[in-house]
Amino acid sequence: MKILKTKNYDELSRVGANIISSQIILNSHSVLGLATGSSPEGLYKELIKKYKEGIIDFSNIKTFNLDEYKSLNSEHVQSYRYFMNTHLFNHINIDKNNTYIPNGLSINEIDECLNYEKKISELGGIDLQLIGLGLNGHIGFNEPSSSFTKSTHCVKLSEITLKANSRFFDKLDDVPKYAYTMGIGTIMSAKAILLIVSGKEKADILYKSLFGPITPNVPASILQFHKNLFVVADEDALHKINNK
Ligand code: GLP
């Protein structure tokens with residue numbers, strides 16, 4: 001595991017974007033795993049800047065997102081498809097047919113999950129997976145539980161996640177209760193993982209994830225087993241680790 005400490009969120013976004021850009025420059029046909037939430041917003045802005053400066057080219061890049069709310073259509077402003085289009089895809093030269101996100105409206109949940117896994121395999125697996133960290137240690141929407149889930153599946157969101165994500169909705173009740181997510185196995189199969197974490201409120205869970213016991217109660221703790229994990233976090237998020 002390599003931990004890169006940044007002064008603040010802006011620097012975190014630049015460093016994270018540099019790592020993704022290196023992957024794109026080294027392999028213009030890369031398969032990227034992408035994430036949503038507040039953590040990657042700045043990083044996506046930096047990627048757009050680099051694209052506009054002619055440093056990176058997305059024409060042959062393929063992407064798979066970690067997760068999507070169940071029951072939201074792709075035009076819903078809180079769907080992760082909408083987030084990805086507005087925060088990244090609409091501003092770069094990626095072919096949207098090469099961007100994959102679970103379909104929240106799929107009528108067959110099992111087929112949706114199987115097809116997602118199949119597509120990832122067909123394209124050779126994920127070269128670099130970007131992830132954020134939930135307040136309860138979730139990655140994607142893999143919530144704390146009694147076991148690690150292997151592949152893409154549909155989950156019931158925990159109270160803490162519903163509450164955390166309600167900041168994007170008018171009210172708590174509007175947050176979808178279920179979501180599709182890559183499994184822990186899907187995430188761990190990525191050839192490299194880039195975890196980005198910002199803010200004091202994540203310091204405790206970041207410490208537990210990187211240095212605590214490996215347990216499905218803290219899903220991100222499994223990342224300790226990954227051979228190629230890069231953590232980019234700001235001073236606030238790392239303060240428990242620095243003080244050890
Ligand atoms: C959300 C997403 C995750 C994201 C995490 C942290 O629920 N499903 O993929 O990484 O929670 O979000 P944020 O970066 O907004 O703190």
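User: Is E46 buried or exposed in this model?
Analyst: In this predicted model, E46 sits in helix α2, which spans residues 41-52. Its relative accessible area is 15%, and the cut-off for a buried residue is under 20%. E46 therefore counts as buried.

User: Which residues does E46 touch, leaving out those up to four places away in sequence?
Analyst: E46 belongs to helix α2. With residues up to four places away in sequence set aside, the contacts of E46 are S13, R14 and A17.

User: How do the axes of α2 and α3 lie, oblique or parallel?
Analyst: Two packed helices are described by the angle between their axes and the distance between the axes. The axes of α2 and helix α3 (residues 80-87) come within 10 Å, crossing at roughly 40°. Angles under 35 degrees would count as roughly parallel. The crossing angle therefore makes α2 oblique to α3.

User: Which residues form the contact of α2 with α3, and how do they divide by character?
Analyst: From α2 come E41, Y44 and I48, and they meet F83, M84 and H87 in α3. By character, the residues of this contact are four nonpolar, one polar and one charged.

User: Which strand gives the most to the largest nonpolar core?
Analyst: In soluble globular proteins, nonpolar side chains tend to be buried together. Here the largest nonpolar core has 56 residues, and those with the most contacts inside it include Y44, L47, I139 and L195. The top contributor, with six residues, is strand β9 (residues 192-197).

User: Which residues does a second, separate core include?
Analyst: This second core has ten residues and is separate. Its members include Y80, F141, V155 and A179.

User: How many residues of β9 are buried?
Analyst: In a regular strand the side chains alternate between the two faces of the sheet. In β9, A192, L194 and I196 point one way and I193, L195 and V197 point the other way, and all are buried. β9 is mostly covered, and the count of buried residues is six of its six.

User: In which sense does β9 pair with β6 and with β10?
Analyst: Strand β6 (residues 128-131) and β9 are joined over four bridges, in the parallel sense; L128 has A192 as its bridge partner in β9. Between β9 and strand β10 (residues 229-234) there are five bridges, and I193 stands opposite L229 in β10. For β6 and for β10, the pairing with β9 is parallel.

Key
Residues are numbered from 1 along each chain as its sequence is written. This is a predicted model: local features need pLDDT of at least 70, side-chain atom pairs count only at pLDDT 80 or more; totals for chains, interfaces and linings use all residues. Side-chain values use heavy atoms; hydrogens and water are left out. Helices (H or I, at least four residues) and strands (E, at least two) are DSSP runs, numbered from the N terminus. Buried means under 20% relative accessible area, exposed over 50%, partly exposed in between (1.4 Å probe, protein chains only). Contact means heavy atoms within 4.5 Å. A nonpolar core is a set of buried Ala, Val, Leu, Ile, Met, Phe, Trp, Tyr and Cys residues joined through side-chain atoms within 4.5 Å. Axes are lines fitted to C-alpha atoms, for helices over the stretch in contact, and angles run from 0 to 180 degrees between N-to-C directions. Angles under 35 degrees count as roughly parallel, over 145 as roughly antiparallel, 65 to 115 as roughly perpendicular and the rest as oblique. Ala, Val, Leu, Ile, Met, Phe, Trp, Tyr, Cys and Pro count as nonpolar, Asp, Glu, Lys and Arg as charged, and the others, Gly among them, as polar. Two strands pair if DSSP finds at least two bridges between them.
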